[in-house]
Amino acid sequence: SGMLPYDQISAVGGFPESFEARGIEWASALASIGELFTLPLVVLVAIMAQPRLQFALACDGLMSPWFGRVDDEGNMQNGTLFAGSLMTLIASFVPLEYLNDLISAGVLVAFSMTNSSLLLLRHESPDDAPGLLEKLLTWFNALCFLSSLALTHLCTSLFGKMLTGLCCLLAFVACVLIHRWCPPAAY
């Protein structure tokens, strides 16, 4: 959050407790209320989109045709039943602190996929190296993931700090290579 050193940030309520440590009680209360209301909304939005996503994947042949069945009124009952049951099981058995982390990780993965898709639309692999852009993007995303894992779990050791630094450096190199080797796409 930038308000506290990273090793003092609470894993349970980062923003509320950071505001409280700075003596800004009203902001702490507001952040707590915001987290209380937004987490269920994010979960609700995720649940609502699942049947339509499963239907589209089934129509493309990437999921079972069972998910593509629609009743006479246009409802996707199979996808709704599956997504609702799965989300109910997750909500029943996964502790809230893990659920919060999973939602945050899912949002970050979605942002990464969106940004990678934009790069794929705006750049192309050179003619003499087909697939180069896709390979560099894969390496970039993998290195970013590894650096976040190393930063989260290995930051107390010298090896962890070196591994994090190396992953960040290689991810930066992948960005530079994309910029230099992959020309803008011709529209």
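**Figure 1. Val-176 in helix H6 of the predicted model.** Val-176 is partly exposed, because its relative accessible area is 29%. Please keep in mind throughout that this is a predicted model. The residue sits in helix H6, which covers residues 158-181. If you look for Gly-79 from here, you will have some way to travel: Val-176 and Gly-79 are 97 residues apart in sequence, and their C-alpha atoms are 42 Å apart in space.

**Figure 2. The chain as a whole, for orientation.** Six helices and zero strands are found in the chain. Read from the N terminus, the order of elements is α-α-α-α-α-α. The radius of gyration is 21 Å, well over the 16 Å that the globule rule gives for 187 residues, so the chain is more spread out than a compact globule. Its C-alpha trace spans about 60 × 50 × 30 Å along the principal axes. Of the 187 residues, 22% are buried. Taking contacts between residues at least 6 apart in sequence, 44% join residues at least 24 apart.

**Figure 3. Helix H5 and its two faces.** Helix H5 holds 22 residues, from 132 to 153. At 1.5 Å a residue it should span 32 Å, and its end C-alpha atoms are 31 Å apart, which agrees. Which residues of H5 are buried? They are Leu-132, Leu-133, Leu-136, Leu-137, Leu-143, Ser-147 and Ala-150. These residues cover an arc of only 160° around the axis, which puts them on the same side of H5. An α-helix has 3.6 residues a turn, so residues three or four places apart point the same way. Now turn to the face of H5 directed away from the buried side: here you will meet the exposed residues Lys-135, Thr-138, Phe-145, Thr-152 and His-153.

**Figure 4. The largest nonpolar core.** Six residues make up this core: Leu-132, Leu-133, Leu-136, Leu-137, Ile-178 and Cys-182. H5 gives the largest share of the core, with four residues. A helpful place to start is Leu-136, which is in contact with Ala-174, Leu-177, Ile-178 and Cys-182 once its neighbours within four places in sequence are left aside. As a general note, nonpolar side chains tend to be buried together in soluble globular proteins.

**Figure 5. An aromatic cluster of three residues.** Trp-66, Phe-67 and Phe-82 form one aromatic cluster. A pair of aromatic rings is described by the distance of the centres and the angle of the planes. The count of aromatic pairs comes to two. In one of them, the ring centres of Trp-66 and Phe-67 are 5.1 Å apart and the planes meet at 80°, so this pair is edge-to-face. Phe-67 also forms an edge-to-face pair with Phe-82, at 5.2 Å centre to centre and with 80° between the planes. Phe-67 lies in the loop between helix H2 (25-59) and helix H3 (77-93), whereas Phe-82 lies in helix H3, so the pair ties together parts that are 15 residues apart in sequence.

**Figure 6. How the members of the aromatic cluster are covered.** Is Phe-67 buried or exposed? With a relative accessible area of 9%, Phe-67 is buried. Trp-66 counts as partly exposed, because its relative accessibility is 30%. Phe-82 is partly exposed as well, with a relative accessible area of 37%.

**Figure 7. Helix H1 and the start of helix H2.** Gly-14, Pro-16 and Ser-18 are the residues to look for in H1, where they are buried. H2 is included in what covers the buried residues of H1. Just after H1 comes Gly-23, which takes a positive phi of about 85°. Ala-27 lies in helix H2, and at 8% relative accessibility it counts as buried. Ala-27 and Phe-15 are twelve residues apart in sequence, and 8.8 Å separates their C-alpha atoms in space.

**Figure 8. Ile-24 in the loop between H1 and H2.** Helix H1 covers residues 14-21, and Ile-24 lies in the loop between H1 and H2. A relative accessible area of 30% makes Ile-24 partly exposed. How many residues apart in sequence are Ile-24 and Met-63? They are 39 residues apart in sequence, and 50 Å apart in space from C-alpha to C-alpha.

Definitions and conventions: Residues are numbered from 1 along each chain as its sequence is written. This is a predicted model: local features need pLDDT of at least 70, side-chain atom pairs count only at pLDDT 80 or more; totals for chains, interfaces and linings use all residues. Side-chain values use heavy atoms; hydrogens and water are left out. Helices (H or I, at least four residues) and strands (E, at least two) are DSSP runs, numbered from the N terminus. The expected span of a helix is 1.5 Å times one less than its number of residues. Buried means under 20% relative accessible area, exposed over 50%, partly exposed in between (1.4 Å probe, protein chains only). The arc is that of the directions from the helix axis to the C-beta atoms. Rings of Phe, Tyr and Trp (its six-membered ring) pair if their centres lie within 6.5 Å; planes under 30 degrees apart count as stacked, over 60 as edge-to-face and the rest as tilted. A nonpolar core is a set of buried Ala, Val, Leu, Ile, Met, Phe, Trp, Tyr and Cys residues joined through side-chain atoms within 4.5 Å. Contact means heavy atoms within 4.5 Å. The radius of gyration is taken over C-alpha atoms; the globule rule is 2.2 Å times the number of residues to the power 0.38.
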